[in-house]
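Trainee: I am new to this one and would like a close look at a single part. Please start there, then work outwards.

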Amino acid sequence: MNAYSQPAGVTARDLLDVERIRRDFPILHQEINGYPLAYLDNAASYQRPRSVLDAIRHYYEHDHANVHRGVHALSHRATEAQEAGREAARRFLNAAERAEIIFTRGATEAINLVAYTLRETLQPGDEILISHMEHHSNIVPWQLACQRTGARLRVVPITRSGELRLDEFHRLLNRRTRLVAMAHVSNALGTVNPVAEITAAAHALGIPVLLDGAQAVAHQKVDVQGLGCDFYAFSGHKMCGPTGIGVLYGRREWLERLPPFQGGGDMILSVSFDHTEYNELPYKFEAGTPDVAGAVGLGAAIAYLEQVGMDRIAQHEAALLEQATRAIAALPGVQLIGEAQEKAGVLSFNIEGIHPHDLGTVLDHQGVAIRAGHHCAMPVMDFFGVGGTARASFAFYNTRREVDQLVAAVEVARRMLA
Ligand code: C6P
């Protein structure tokens, strides 16, 4: 199914009650420069519903203490609150067990955790396979790993429409490949990659797969067992949760094989000056006092998304993307960057003669928040021969009226600046 089309059996009745949903998001109800805020920078960070804010506040007002360490009631409650967040993440990803959910600071730290620990096994001649559409967070950690081990970074090219060259992927995958690390959804292009196919091909050669799910989890149902991937990384703040918390899902087999990432409290069973025995999963990878309030907020965000329904979210965002793509593409001088068949809610574009930063600034003057620049995906910008793009990115709480506001604001900017 094309992300632009509606799944069979879906009726108008299934569409979201967006106005009701928006009442849950206090921040959306404000004016910027005399215009109603149209927040279309969701790929950078989502906004939070009141239930997430309340859960964090409740935690600090009633339950906070350090986890796993105390014998007292509050420490037990804090531990339970953190583990409830972990169980929510397990359910959300359909991981087999809670021990496979490692809390991190975000997708960046999750990918670095794997790159740092896996590099102990890398040797000169080994290869790490990524793609040309990766975010810097899924490039630089592998570059560092390769620099320190003599391994080689190989890059699957993309097409002019912003899709992965699958023929090249199959050609580059070989017995020297030690890991495939790919975006599930590209942040700069919106492309949804065929990750099940990628994983199956890698596994046929016994190669593990890490998926960067930072731009996927808020837009579609993710099932790590169904996908069969070995690692999956995401950030809480890109799915209605707090900043500073994220998840690395890892298959038990791999998490047991990898050495610890950081040393400190909680990741040990016993320590002497001669020897340290590491804790069981997932704590082996969680040194130091964790972000308990973050885990609480993440759990509340997951509960909220589940209640809205991932299928309905995907359907609503596809409709917004289609509306925005049609209207923006019809404006004179527009170049769309990223026209893959399968896309999530990202619209990247440029207008001839206008710098994306200028466009973003004039949009801000009209209450429209978008991101302008290279989106931490400089190789993508190089490929398309641009310094940056303007990027509107949609969430389930965005409306058709906001898309109209975006298009009208772009038209004002075009007349003013072109
Ligand atoms: N992309 C964007 O505006 P962190 O910073 O760890 O929460 O997420 C990093 C990251 C990793 N992978 C992808 C595909 C991403 O999109 C991001 C973050 C933001 O596109 C901020 S640069």
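Trainee: Where is the place of Asp266?

Mentor: First, a caution: this is a predicted model. Asp266 sits in the loop between helix 9 (252-257) and strand 11 (268-271). Look at its backbone. Asp266 is not a glycine, yet its phi is positive, at about 75°.

Another loop also deserves a stop. It runs between strand 12 (276-278) and helix 10 (292-308), and it holds Pro282. The peptide bond that joins Leu281 and Pro282 is cis, with omega about 0°.

Now to the sheets. In one open sheet, 7 strands line up in the order 4-10-9-8-7-5-6, with mixed pairing. Strand 4 (101-104) and strand 6 (152-156) are its edge strands, and each pairs on one side only. From one strand to the next, the twist averages 20°. Take one pair within this order. Strand 7 (residues 177-183) and strand 8 (residues 209-212) are parallel partners, joined over 4 bridges. Find Met182, and you will see Leu211 of strand 8 standing opposite.

Helix 5 lies across part of this sheet. It crosses strand 5 (127-131), strand 6, strand 7 and strand 8, and runs at about 145° to strand 6. Helix 5 (residues 140-149) also packs with helix 4 (residues 107-118), at an angle of about 10° and with the axes 9 Å apart. The two helices are therefore roughly parallel to each other. Ile111, Asn112, Val114, Ala115 and Leu118 come from helix 4, and they meet Pro141, Trp142 and Ala145 of helix 5. By class, that contact has 7 nonpolar residues, 1 polar residue and no charged ones.

Helix 4 leads on to a pocket. It gives the most to the lining of the second largest pocket, with 3 residues. The space in that pocket is about 350 Å³. Its lining has 24 residues, and those nearest the centre are Thr108, His135, Ser137, Ser235 and Lys238. By class, the lining divides into 7 nonpolar, 10 polar and 7 charged residues.

Next, another helix pair. Helix 2 (residues 50-63) and helix 3 (residues 73-93) pack at about 160°, with their axes 10 Å apart. Angles over 145 degrees count as roughly antiparallel, and helix 2 and helix 3 are therefore roughly antiparallel to each other. On the helix 2 side, Tyr59, His62 and Asp63 make the contact; on the helix 3 side, Leu74, Arg77, Ala78 and Ala81 do. This contact has 4 nonpolar, 1 polar and 2 charged residues.

Last, go to the other open sheet. Here 4 strands run in the order 13-14-17-16, and the pairing is antiparallel. Strand 13 (334-337) and strand 16 (371-373) stand at the edges with a single partner strand each, so one side of each has no neighbour in the sheet. The twist averages 30° from one strand to the next. Strand 16 pairs with strand 17 (residues 389-393) in the antiparallel sense, over 3 bridges. Use Gly373 as a landmark: its bridge partner in strand 17 is Thr389. Helix 11 (residues 310-329) lies across strand 13 and strand 14 (346-351), and it runs at about 10° to strand 14.

Then return to your starting point: Asp266, with its positive phi, in the loop between helix 9 and strand 11.

Methods
Residues numbered from 1 in each chain as written. Predicted model: local features only at pLDDT ≥ 70, side-chain atom pairs only at ≥ 80, totals over all residues. Heavy atoms only, no water. Axes fitted to C-alpha atoms, helices over the stretch in contact; angles between N-to-C directions. Parallel < 35°, antiparallel > 145°, perpendicular 65-115°, else oblique. Contact = heavy atoms within 4.5 Å. Nonpolar A, V, L, I, M, F, W, Y, C, P; charged D, E, K, R; others polar. Pairing = 2+ DSSP bridges. 1 Å grid on protein atoms, 1.4 Å probe; cavity = no way out; pocket = protein on both sides within 12 Å on 5 of 7 lines; lining within 4 Å. Points joined across faces, edges and corners; volume = space filled by probe spheres on them.
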